[in-house]
Amino acid sequence: MHAVTDTPPPALTLRDARRSHGERLVLDGVTLERARPGVIGLLGANGSGKTTLLRIVAQLTELDAGT
């Protein structure tokens, strides 16, 4: 008997994400793939784009480029 390996699609995929606020580039070329739901921790300095990334994932903010 052979095991069937139906891999579910990723729960989250972000490719080449780019977002700026005015003249300030906040995210550039960010690629992220999360295979399944779970806990993710974001660490970074103030103003590094953590909240912007979360707003993009929650579809509250649009990307300037990427998918």
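Let's start at the turn of a hairpin: strand 1 and strand 2 are separated by two residues, and there Gly22 takes a positive phi near 65°. Please keep in mind that this is a predicted model.

The two strands of this hairpin, residues 12-21 and residues 24-34, run antiparallel and are joined by eight bridges. One of the pairings involves Leu12 in strand 1, whose bridge partner in strand 2 is Arg34.

Now for helix 1, which spans 50-57. Its buried residues are Thr52, Leu53 and Ile56. These residues sit on the same side of helix 1, because they cover an arc of only 100° around the axis. And what lies over them? The cover of these buried residues includes strand 1 and strand 2, so the hairpin described above takes part in covering helix 1.

Just past the helix, Gln59 adopts a positive phi of about 60°. Here are the two positive phi values side by side:

| Residue | Place | Phi |
|---|---|---|
| Gly22 | hairpin of strand 1 and strand 2 | near 65° |
| Gln59 | just after helix 1 | about 60° |

The segment after helix 1 also holds Thr61. Is Thr61 buried or exposed? With a relative accessible area of 16%, Thr61 counts as buried, because the cut-off for buried is under 20%. Leaving aside residues up to four places away in sequence, Thr61 touches Arg19, Arg55 and Ile56. With one of these, Arg55, the contact is also polar: the side chains of Thr61 and Arg55 meet at 3.1 Å. Ile56, another of the residues touched by Thr61, is itself among the buried residues of helix 1.

Technical notes: Residues numbered from 1 in each chain as written. Predicted model: local features only at pLDDT ≥ 70, side-chain atom pairs only at ≥ 80, totals over all residues. Heavy atoms only, no water. Helix = DSSP H or I, 4+ residues; strand = E, 2+ residues; numbered from the N terminus. Buried < 20%, exposed > 50% of the residue type's maximum accessible area, 1.4 Å probe, protein only. Polar contact = N/O pair within 3.5 Å; in protein donor to acceptor, adjacent residues only side chain to side chain. Contact = heavy atoms within 4.5 Å. Pairing = 2+ DSSP bridges. Arc of directions from axis to C-beta.
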